[in-house]
Each structure stands twice: as C-alpha cells, then as structure tokens.
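Colleague: I am new to this structure. Please take me through the sheet and the helices that pack around it.

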Amino acid sequence: MANKTKISFRTQCIHTGNGIDKETGAIRRPLTMANSYRLPEDSSTLDWSDPNQLVYTRNTSANQTYLQEKLAALEGGEDCVVLSTGVAALAGVFFTFLDKDSHIICSNVSYVAVYRLLNEYFPDKYGVETTLIDTGNLDDIKKALRPNTKIIHIETPGNPTTRISDIAEIGKIAQSIGALLTVDSTFASPFLQKPLELGADLIIHSLTKYINGHGDAMGGAVIGRKELIDQIKRQAMVNLGGAISPFNAWLIMRGVVTLPLRMKQHSESAMKVAQFLEGHPSVDFVAYPGLESHPQHEIAKKQMSMYSGVLSFGLKGDVDTHNQFVNSLELIVPAVSIGHDESLIVYTGPNDERNHFYPDEFKNGHLRFSIGLEEADDIIADLKQALERCGL
Ligand SMILES: *Cc1c(COP(=O)(O)O)cnc(C)c1O
C-alpha cells in the first residue's frame, strides 16, 4: 500500500487500514467474527491483558485494529482505541485519567452522558472534583484551574447548543499546568477539524454519527499519543469491557470511506437550511456555527474548514406549537442521533435537566436538527409545508 504519510485525507479514507487478505487474495480485509485467537505455542509468558495482541475479542479484534489504523491516520495521531460506543470512549477517558484527588474542567453544555458522569457519578462515587463552565470563555477556564486539574474537556461544536470552544487557546491553558486537553470532535469529524494539530492531547469520536454515517452501527474512538491510548486500552477496554463488535467495526470501516463526500454535502445543505430558517419570520433563533450571527462564528472559521450538518433552532410558539411542527414533517424523521444519511429532528422541551446552563434563547425548548444527505431543496420544502400547516 502507498506510504500513509504521503497520501491525502480522501485517499486515506479509502485505503488506510485495508489490505489484501493473505488467505484468499480478496482486496478487502475480511470480517472476522471470532471471540478467540489461537494461542502461541508457549503461552506461559503471555500478557493476558495485552490490548495489542489478538487473544480474545474483548482485548482487541482484527476488525477493530484495522479501524484503529484508519482513524489514527485520519486524525494525524500516533494511536487509536475503538470501543463499543461514543459514551464508552468518553467514560473510558475519564476513568483512566481521573482519580479521587483530581479535578476536571468541562463544558457545562455537552453530551448528556458526559454531564451525568461529571456532574453526578464521578464526584459522588469517587470524589473527583468537577467544574462545569462555559468553555467558550477563556477567562472562566483560567479562573477555574486548580493545582490538581488533570483534564480540560471540551466538545466543539457542542451538543445541542453548537457552542464553539477555541481548541488552540484552551490547549495552551491546559499545557501551562500539565493537564490533558480532551476534545469531543464528533460534530466535526476528522474531515472538518484537526484538534491534535491545534494542541489537543486526545480526540474522542462517537463513530455512531458522521464517521459511520449510515445510522446502522454504534462505536466510539479515542485518538492520541500511544502512551495515553495504551492506558485507556488496558484500563477501560480490557477491564471495563466496552469492546466493539467486529461486525460494527467492519460497518464503520465501510462507512468512513465516503466521509469527505458526505461532510461536504452535510455542510453545504446545513448552511442553506440555516439561512432559510434564519430568514423565516416565525423562527425565533437559529444556532449554527456557519452563520455570522453565531456568537463564536469567528473561532469556528479559524478551526473548522466547513461547519458540519447540525443546527438547533426554536419557533415563535409554545411546546404544543413545536410538537405540532415536528409531527407535520413528512420527510425529516423525528428521532435522536445525528450524522445519519436521513435528516433527523428532536424537540427537547424546557424541562431538560441542563436547561439552566443553556443560552437564554434555548430556555423555552429547542429543536436539534441533523441535516441529512437528501436534496437540500427537499428538506427546505418539508420545513416550509410543516410551518404552513402550523399556521406559522
Ligand atoms: C452521540 C454523541 C456522543 C455519544 O455517542 P454514542 O455513540 O451514542 O455513545 C458523544 N458525544 C457527542 C457530541 C455525541 O453527539
């Protein structure tokens, strides 16, 4: 295969991690659905928890290693660990690098499981000190630093507010006190943003979203220096048990091949949809990093090449209006998740447990909208007819 360091991102999406199957000559590496691998003749000295040796599929599997090779290359990282879900990857990072004497700073608006892990479980069960703040504000981060701060965790763009945090500037702050900067880059995917180049230590992805891209397999990944990834593999994969199924790794490996094409289309369509919504008199607000009205648009422009396919918005109306709107949609599907081929929309009402952390315009509830790969004009036509049906 061509020298990995010389080929472009698009070419890596296709070739890296693939190879000729030695047994059959097939030009694709096969799906290996096996729990166990033949032991060496002398197993007396085997390291039974070695996460880089094929022994048992909870410790690593063939298809998992191919996907790890591809994702490490796409993010420009030394190594990668692939796990069963994005949350397994996030929890794995926190479990590995936090202990009872440590402190973590995290964005107060983040994926909901991260919020629960850091607001509740880690502090209550293990005494980890946590500070949840607006990581869009660098001064607030500096003020929150403590001598025992081990991690600054950001999600950018953030779910569901699309808040952008400045990776390069926060990287400098983390480095100044020897803390790790961990970045959940799920909304951007490796195609739109390169956190390691900007100073992050670890990147986390929910592979369930854009990287797989087809809404039919779950997975998570962490990418960074080998020395850090090895610790996560040993602690969080082998011993917490969040291994990915080889079949899901195989599906995600196939999905990622078209990542650049999909991300361009998602981003272009989302921009059109965001502009349509922003210009509609019954739309109360639109949060999309590509719009000049977005509070961190300039930072997004600096660190992303396009703005991805997720936006949040609100209508001028109450809970019933929002529900009626969602139920009037004919093409766009009311379902959770993002980054699928089909457009997905979720209405979250004002009783969201994190409502007090949201920007004011989100406080009456919001619609999170993942713009799919359908023709943008069809998506806009569906929004229009649903708005009209609601008398908006
Ligand atoms: C979906 C999501 C996750 C969780 O990923 P799962 O694969 O569902 O566990 C984490 N972070 C972000 C930003 C997400 O959108």
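Modeller: Here is the sheet, then its helices, then one helix pair. This is a predicted model, where local features need pLDDT of at least 70, side-chain atom pairs count only at pLDDT 80 or more, and totals for chains, interfaces and linings use all residues. Residues are numbered from 1 along each chain as its sequence is written, and side-chain values use heavy atoms, with hydrogens and water left out.

The sheet is open and has seven strands. Their order is β1-β7-β6-β5-β4-β2-β3, with mixed pairing. Helices (H or I, at least four residues) and strands (E, at least two) are DSSP runs, numbered from the N terminus. Two strands pair if DSSP finds at least two bridges between them. β1 (79-83) and β3 (129-133) are the edge strands, and each pairs on one side only. Neighbouring strands are turned by 20 degrees against each other on average, direction ignored. Axes are lines fitted to C-alpha atoms, for helices over the stretch in contact; angles run from 0 to 180 degrees between N-to-C directions.

Look inside the sheet. β4 (residues 149-155) and β5 (residues 180-184) run parallel, joined by five bridges. I152 has L181 in β5 as its bridge partner.

Now the helices. α3 (residues 86-97) packs on the sheet and touches β1, β2 (103-107), β4, β5, β6 (202-206) and β7 (220-224). Contact means heavy atoms within 4.5 Å. The direction of α3 makes about 150 degrees with that of β6. α9 (residues 226-238) lies across β1, β5, β6 and β7, and runs at about 20 degrees to β1.

Last, the helix pair. α2 (residues 62-75) and α10 (residues 246-255) pack at about 35 degrees, with axes 8 Å apart.
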